[in-house]
Each structure stands twice: as C-alpha cells, then as structure tokens.
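Work through the exercises below with the sequence and the model side by side. Try each task before you read its solution.

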Amino acid sequence: MTDLTRKALGASIFYGWLTFLWWLIFGYAVPVWLTDPVLLHQWQQTSGYLWVALTVLVLFSYRGCLLRWLGTDELLRRQHEDYDRLRIAAAVFDSTREGVLVTNEKGQIIHVNRAFVDITGYQPEEVLGFNPSKFKSGRHDTAFYTRMYQAISQDGHWAGEIWNRRKSGEVYPQWQSIRGLTGRSGQVKHFVAVFSDLSAIKRSEQERLQLAHFDALTGLPNRLLFTERTTEAVAAAQAVKRGCAVLLIDLDHFKNINDSLGHSLGDLVLRSVAERLSGLFASKLTLARMGGDEFALLLKDCPQMIQAAGLAQQVLDAFNAPFLIEGQQLFLTTSIGISLFPNDALSAEQLLRNADAALFKAKRRGRECYALYTEELTLHAQQRVELASELRRAIEQQELRVYYQPVHDLTTRRISGVEALVRWEHPERGMVSPGEFIPVAEQSGLIADIDDWVLRAACTQMRQWQADGVPVSFVAVNISSRQFSSGDLDLQVAKVLQQTGLAPAYLELEVTESAVMSDPEQAIEQLHRLRELGLSLAIDDFGTGYSSLLRLKRMPVQKLKIDQGFVAGLPADDDDIAIVQAIIALARSMSMQVLAEGIESAEQAAFLYDSGCQLGQGYWFARPMPAAQIDWYKAPDFGLTPV
Ligand code: C2E
Ligand code: MG
Ligand code: MG
C-alpha cells in the first residue's frame, strides 16, 4: 500500500465517520468531502473512491445495528416525535380562533397567539411582560377574582365567563379557562389562559330576545312581554295590597285605512300611533303593541279606577290632533277597554281577558270612548274624570273660595278662631262642597295646588284680620293626607308663612287620623318638623282612625277635634257619650285642647261644656261663611252659666 493510498484510506475513514456521526445526530448526511477537489483528485488517483464507497456502504448498512448498540435510536425517535409535536402545537397555537395567553409563574405574559391579537386588539409587544390585570373591565368585584385565584391554586384550573376590556376600551364578555402548568419540581411554572369572545353570541342572544319580546314594526313590547309584565305587576300589587290596571286600546275602523291606503301606509300609521302614545307616557308605563291595531297600557300602581279612567281620557284626547302620514292628514279615533286588579280580575290572564270584554263594550257603545269591565263604574268614572278636568280649569280660573267657620270657646262663648274650608263656585252648579271634589282632587293629584292655595289665602286673610284688630287667635287649615305624605310639607308651609308674613303662632294645621296612620313613623317626623316652625297642630275627625295611644303620645299635637259623628248622638246616645267623654279625658291627660265638631244644638253645646270640652264648632254657633260675614262678637248662650 503506497503512502498515497494509505492517506486516502485514512481520509476516507475519517470523512466516512464524520458523515455517519452527522447523520446519526441530525438524521441526514452531508458528504462534505465530496466538495473537496484536492481530496477528490487524490481519491481518483488511488481508487480512493472505492474505499470511501466501501466504508460508507458498510457503515450505512450497519447503521441500524450500530444505533441499537449505542442505544441512541429510541432517543432519536423521541426527538423527532417531539419536534413534530412542537411544530403541530405551534401551528394550532397560531391558527386557533381562541385567544391564548401564557404567563410565567410571576404572572407576566410571555406568549400570546394571533387570535389574542385579533380579539383584544393588542400587539404582542404591547402586552409581553405585563400582568393580565391590564385587561380588567372593572365589572367584577374583588371577591370574583379571589374566587378565581383560589380555584386555580386549589384545583389547578378555573373556567368561566369574564368581562374584559379590549385595547379600544370596549368591554366584552369572554369564556375563559385558565390552567396552571407545573414544572419538574411540581411547582407551577406557567399559567395558560384560553378564551373565546362571547360578544357575538351575546349579541345574537340579545337579538333573539328582542325578536321574541318586541314588535318589529313599532319597537314596542309585544303581547308576550306585556303578559309577562302584567303577571309581575299583579304579583307585586298583591304583595303590597295595591291595585293595577290594564287598558286595551284599539284603533277605530283601522281596516278602512289599510283597505283604502294600502298596508305600507297602514304600517306608517301604526308607527305614528305608537310614537304618539310613547311620547304621552314616556317610560313611566308599559305600552305594548298586542298585534294588528291593538295597543295596551299597563298601569302598575292604580289604587282607584279614576286613575285608569283618567289615563284612558288622556289617550282619547291624544287622538284629537290628526296624524300626518306622507303629507296626508288622517283623523283617527280609538276605543279603550279597562280592567282592574283586584276589582275585576285576580290574575294577569283574567285581567287581559276582561279588558278585552270592556273594549268590546266600548266599541258597541259607539267607539271613541272607554269602558270599564264593571259596567256600573264606567259612568261614575267618566263623571269623576270630567270633574277632575273641570277642577283643573277651576283652579286656573280662580273659581275656588275659602269660607271660614268660627270656633267658639265654650267657656267665654266667644269666637276663639276659625277653620278655613274650601268651596268651589261652579259657574253652572253653584257652590260645590269639598266633600264632592276633594276626593277627586286627591286622586288626580290636584290636591297639592288646592291645599297650597287655601293655606296662602287663609294666612293672607288672617293677616288682614290682625291688621283690622279682629279678636281672633288662630286660623285652622285642613291638610290632605296626600299632602301630608309628600315629605316636604314643612318647607311649603314655611314658604307660605314667610311670603304672607303671618306669625306661625296664629296658624293651626289639621291633619286627619288616617293621614297619620298610613305611615305613622314618617308622619310623626313630619309633625315634629311642622311643630318646629312654631305653628300648632290638631288631629281632625278624632275617633275614626284607630290611633294607637302610644303613637298619639309621641305626636307633638296640641288639639283633638272630636268627630261630628260622635257629637251627633249627644246627649242621648250612651255609646257616643262614653266615647266623647273618653276623648275629653284622654286629651286632658295628655295636656291637649279638645274641640267638638258638628254642634247643632244648645243641648249638645251644654253637654260638651259640662263634660269639660273647651272648644266647639258647628252650625248652632255659625256655618262656614265668607270672611266678611263673620260676626266676631256673637256669643250664643246654651243655658249653662260659665264657671
Ligand atoms: P272637616 O275638616 O272635618 O270640616 C268640617 C266639616 O263639617 C265642614 O264640611 C263643615 O262645613 C261641616 N260642619 C261644620 N259644622 C257642622 C254641623 O254642625 N253639622 C254638620 N253636619 N256639618 C258641619 P265641609 O266644608 O263640607 O268640608 C268637608 C271636609 O272637606 C272637611 O272636613 C275637610 O276634611 C275637607 N276640606 C275642606 N276644606 C279643605 C281644604 O282646604 N283642604 C283639604 N285638604 N280638605 C278640606
Ligand atoms: Mg277640619
Ligand atoms: Mg272634621
């Protein structure tokens, strides 16, 4: 073997091994030596090719045995599999539609995928190194996050709905699962959060709900939602022992519009009607389109039928103005059926059915009117609604008058003070008594204006009497229970006193027992605030309102007015005698003054005086009259000598 041949053989073996090791490690062979021209030339000359080929052939054919012998084949196979798995995972990681976020054990973001960028709007470099709290929406409280961290640390994972914030600031819902990944030591090394954007699902859910519950043409709640709300309203009304009402509103002869003008114009009419009615009641009531040309109104709090009737009248009035549809003026009318809970029906279903029956009645009656389910009530309701609207006008037209009824001191028999009593001087009906219009005013909310007006007039009159030197020590003004529960009565009274210049000591306010009893705690508070103004307080119609003695003791009241019902039976009726004497004793024991109302005879006056009653008021002394007619020096004698 020549020197050259030996060298070539050595090089061949060396390069052969090198190639083999390369292949062993990297899985493919690169015959580097093939590119060396000097070597190639030498091998050509010394049949080096043969040696190289031989070496390589031997090594290659025994590669399998060799690898097995060396124990590296399994290792290699696993390495390949891991490599493939990694490639697949990377592809999945990047192509999945779910956002993926990986943090280290400190909670710093170390990896995000493409979907994360798409969903959140953040680029990887804007979030890497940050804590995921960067995406907090502020919609969840700390307790929510504490529960989440607890679940991850105890169970290793958490999944649930969470609201986060996109880069744009938009808050959106996502379904997120978070898993802790432990390292070899068993310690959590990474946290992987996978999430999907739920906003589209939520939106479609919302759309589905919208479609199921709202009318597509008008956007109003539909029959289904209206029925649901009526059911809720009935349950709530039952719980608080209040009433509620349903009004079914049906357009008169709507079919003619559809037939003559076409359905698309008919749709425009329905939309205009919906708009007008919505404008009328804003968001206070539930207005729904029940289908076709039928609308419905739900009045959740309706203690009396007059409220529902008043609302129906408002709807009827709203149709007085024409509807402007594509340049044409259309005059429409409507009929309304009213049903009340609990008077007419005890369930939502019954309420709707009865409102429908009432609607049928209204149609039969000639349309453009309303009807109540209970027939007899309709006329009564209509009269009261008319009265309310007339009363509104009466206040504006200054048709109200204040009459004064003297209150006599039973000892001196002289006038001690007066009670202001309102009257309505109706242009056609003459003097209307408050017994007729005060309840209507209370139900329609007009009472506030009336009481304020009477208070102002009475205070002004009292100032005038004082200026004229009239010997009168107080003017008493009635305050409605509605006013009394409004809360700021003391402020209103203070304002009137200040504006009229009357010293509070000359004013007495009369509240009924029932006004106090409807909300005793609030009433007692209000009474104290009024008392602090420096005026005095009287309980009117005492004996009719089941006052508890304990409560009475806590009230800063200076006077009890025995109801005229008990005085009427005097001096013959034993029960009335017992009650009147008990009230007098009670008032005395509480250091209150006592006044008997409705004294119509000298016997009654004498009996009351004898029983220790200090003040008396009634037709026997004087009727309510205009201020100018009072005879201040009249002292009627009821036969007993003053003590
Ligand atoms: P009230 O406060 O108990 O007033 C006494 C009522 O008894 C008055 O009726 C008076 O005219 C009447 N009366 C007085 N003496 C006699 C009598 O000897 N026999 C009979 N049978 N009746 C007598 P009026 O003026 O019709 O007032 C009725 C009720 O209307 C009042 O009862 C009061 O609760 C209410 N009222 C009157 N004016 C006002 C007011 O300005 N505001 C408020 N909220 N209520 C008022
Ligand atoms: Mg009174
Ligand atoms: Mg009274």
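**Exercise 1. Place Gly445 and say whether it is buried or exposed, or in between.**

Step 1. Gly445 sits in the loop between helix H16 (434-444) and helix H17 (447-468). Helices (H or I, at least four residues) and strands (E, at least two) are DSSP runs, numbered from the N terminus.

Step 2. The relative accessibility of Gly445 is 47%, which counts as partly exposed. Buried means under 20% relative accessible area, exposed means over 50%, and partly exposed is in between (1.4 Å probe, protein chains only).

Step 3. Now compare sequence and space. Gly445 and Ala388 are 57 residues apart in sequence, and their C-alpha atoms are 9.3 Å apart.

A note on the model: it is predicted, local features need pLDDT of at least 70, side-chain atom pairs count only at pLDDT 80 or more, and totals for chains, interfaces and linings use all residues. Residues are numbered from 1 along each chain as its sequence is written, chains are lettered from A and ligands numbered from 1 in the order in which they are written, and side-chain values use heavy atoms, with hydrogens and water left out.

**Exercise 2. Which residues coordinate the magnesium ion (ligand 3)?**

Step 1. List the donors. They are Asp540 (OD), Asp541 (OD), Glu597 (OE) and Glu597 (OE), at 2.1 to 2.5 Å. Donors are N, O and S atoms within 2.8 Å of the metal (3.2 Å for Na, K and Ca); water is not among the atoms, so sites may look incomplete.

Step 2. Read the spacing. The donor residues of this magnesium ion (ligand 3) follow the pattern D-D-x55-E in sequence.

Step 3. Locate them. Asp540 lies in strand S18 (residues 536-542), and Glu597 lies in the loop between strand S20 (593-596) and helix H25 (602-610), so the pair ties together parts that are 57 residues apart in sequence.

Step 4. Check accessibility. Asp540 is buried, at 5% relative accessible area. Glu597 is buried too, at 7%.

Step 5. Look for a second ion. Asp540 bridges the magnesium ion (ligand 3) and the magnesium ion (ligand 2), which lie 4.0 Å apart.

**Exercise 3. Which strands are joined to S18 by bridges?**

Step 1. Strand S17 (residues 507-512) is joined to S18 by 5 bridges, and the two run parallel. Glu508 stands opposite Ser536 in S18. Two strands pair if DSSP finds at least two bridges between them.

Step 2. S18 is also joined to strand S19 (residues 559-562) by 3 bridges, again running parallel. Here Phe542 has Ile562 in S19 as its bridge partner.

Step 3. Of the 7 residues of S18, 6 are buried, so S18 is largely enclosed by the rest of the structure.

**Exercise 4. What surrounds ligand 1?**

Step 1. Ligand 1 is surrounded by 23 residues (each with a heavy atom within 4 Å of it). The closest are Asp451, Asp540, Gln564, Glu600 and Tyr619.

Step 2. Find polar contacts (for a ligand, a pair of N or O atoms within 3.5 Å). An N or O atom in the side chain of Asn478 is 2.8 Å from an oxygen atom of ligand 1. For a polar side-chain atom of Asp541, the distance to an oxygen atom of ligand 1 is 3.2 Å. A polar backbone atom of Tyr619 is 2.8 Å from an oxygen atom of ligand 1.

Step 3. Taken alone, ligand 1 exposes 780 Å², and the protein buries 83% of that. Accessible areas come from the Shrake-Rupley method with a 1.4 Å probe; for residues, only the protein chains shown count as cover.

Note on methods: Polar contact = N/O pair within 3.5 Å; in protein donor to acceptor, adjacent residues only side chain to side chain.
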